[in-house]
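The following exercises are to be worked through with the sequence and the model side by side. Each task is followed by a solution in steps.

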Amino acid sequence: PPPPSTTPPPPCPTNNITKSADDILTPRDIDSYYETAYQNSSHGSKCQCQFWLLFVAMGIANSGDATEIGSMSFCLADEGFKRDILNDDLKGRGAMLASSIFAGMLLGGVVV
């Protein structure tokens with residue numbers, strides 16, 4: 001087998017950042033923190049594509065939740081649904097049915 005290489009690995013791009021004692025001791029605001037993070041990150045299109053994909057996924061989830069709440073409101077307002085499914089118990093069964101939407105959102109937010 002060939003002998004192991006003794007050359008050190010190439011330095012990480014973030015290792016080139018030099019900080020003075022003043023930079024370390026002075027508190028930063030959130031804007032300067034994000035500006036520093038943006039300047040030290042790569043600006044490739046692959047990175048931006050991941051953010052757009054995340055925004056699209058959050059938009060789809062938001063529209064799904066809004067549709068679910070809207071359809072439940074439509075069902076709870078129907079007299080036939082109240083009479084046949086809820087047995088005219090809108091305070092008890094209707095509230096439990098409506099709260100199941102938010103329990104599902106909580107469970108989905110924790111698990112996913």
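**Exercise 1. Identify the contacts of Met72 beyond its sequence neighbours, and place Met72 in the nonpolar core.**

Solution.
Step 1. The model is a predicted one. Leaving aside residues up to four places away in sequence, Met72 touches Leu97 and Ile101.
Step 2. Ile101 and Met72 also belong together to the largest nonpolar core, which has five residues in all. The other members are Leu76, Phe81 and Leu86.
Step 3. Membership in such a core requires a buried residue, and buried means under 20% relative accessible area. Buried residues make up 7% of the 112 residues in the protein chain.
Step 4. In soluble globular proteins, nonpolar side chains tend to be buried together.

**Exercise 2. Describe the secondary structure of the protein chain and state where the confidence is lowest and highest among its elements.**

Solution.
Step 1. Count the elements: the protein chain has five helices and zero strands. Read from the N terminus, the order is α-α-α-α-α.
Step 2. Compare the mean pLDDT of the elements. Helix α1 (residues 21-25) has the lowest value, 58, and helix α4 (residues 79-84) has the highest, 92.
Step 3. Set these values beside the protein chain as a whole, which averages a pLDDT of 78. A score of at least 70 is reached by 70% of the residues.

**Exercise 3. Determine which residues form the nonpolar patch on the surface, and decide whether Trp52 is buried or exposed.**

Solution.
Step 1. The patch consists of Phe51, Trp52, Leu54, Phe55 and Met58. Together these residues have about 600 Å² of accessible area.
Step 2. Locate Trp52: this residue is in helix α3 (residues 45-77).
Step 3. Classify Trp52. The relative accessible area of Trp52 is 61%, and the cut-off for exposed is over 50%; therefore Trp52 is exposed.
Step 4. For the protein chain, the accessible surface comes to about 9,700 Å². Carbon and sulfur atoms account for 65% of that surface.

**Exercise 4. List the salt bridges of the structure and give the exposure of the residues Glu79, Asp84 and Arg83.**

Solution.
Step 1. A search of the whole structure yields two salt bridges.
Step 2. One of them joins Lys82 to Glu79, with the closest N and O atoms 3.5 Å apart. Because Lys82 and Glu79 are three residues apart in helix α4, about one helical turn separates them. Glu79 is exposed, at a relative accessible area of 51%.
Step 3. Asp84 pairs with Arg83, and here the closest N and O atoms are 3.5 Å apart. Asp84 counts as exposed at 52% relative accessibility, whereas Arg83 is partly exposed at 48%.

**Exercise 5. Find where Asn87 and Asp88 lie, and examine their phi angles and exposure.**

Solution.
Step 1. Asn87 lies in the loop between α4 and α5 (90-111), and Asp88 lies in the loop between α4 and α5 as well.
Step 2. Inspect the backbone. Phi of Asn87 is near 55°, a positive value in a residue other than glycine. For Asp88, phi is likewise positive and near 55°.
Step 3. Classify the exposure. Asn87 has a relative accessible area of 48% and is partly exposed, while Asp88, at 61%, counts as exposed.
Step 4. Trace the contacts of Asp88. Residues up to four places away in sequence being set aside, Asp88 touches Lys82 and Arg83. Lys82 forms a salt bridge with Glu79, and Arg83 forms one with Asp84.

Technical notes
Residues numbered from 1 in each chain as written. Predicted model: local features only at pLDDT ≥ 70, side-chain atom pairs only at ≥ 80, totals over all residues. Heavy atoms only, no water. Patch = residues over 30% accessible without salt bridge, like charges linked within 9 Å, V, L, I, M, F, W, Y side chains within 5 Å. Areas by Shrake-Rupley, 256 points an atom, 1.4 Å probe, with all protein chains shown as cover. Salt bridge = Lys/Arg side-chain N within 4 Å of Asp/Glu carboxyl O. Helix = DSSP H or I, 4+ residues; strand = E, 2+ residues; numbered from the N terminus. Buried < 20%, exposed > 50% of the residue type's maximum accessible area, 1.4 Å probe, protein only. Core = buried A, V, L, I, M, F, W, Y, C linked by side-chain atoms within 4.5 Å. Contact = heavy atoms within 4.5 Å. pLDDT = per-residue confidence, 0-100.
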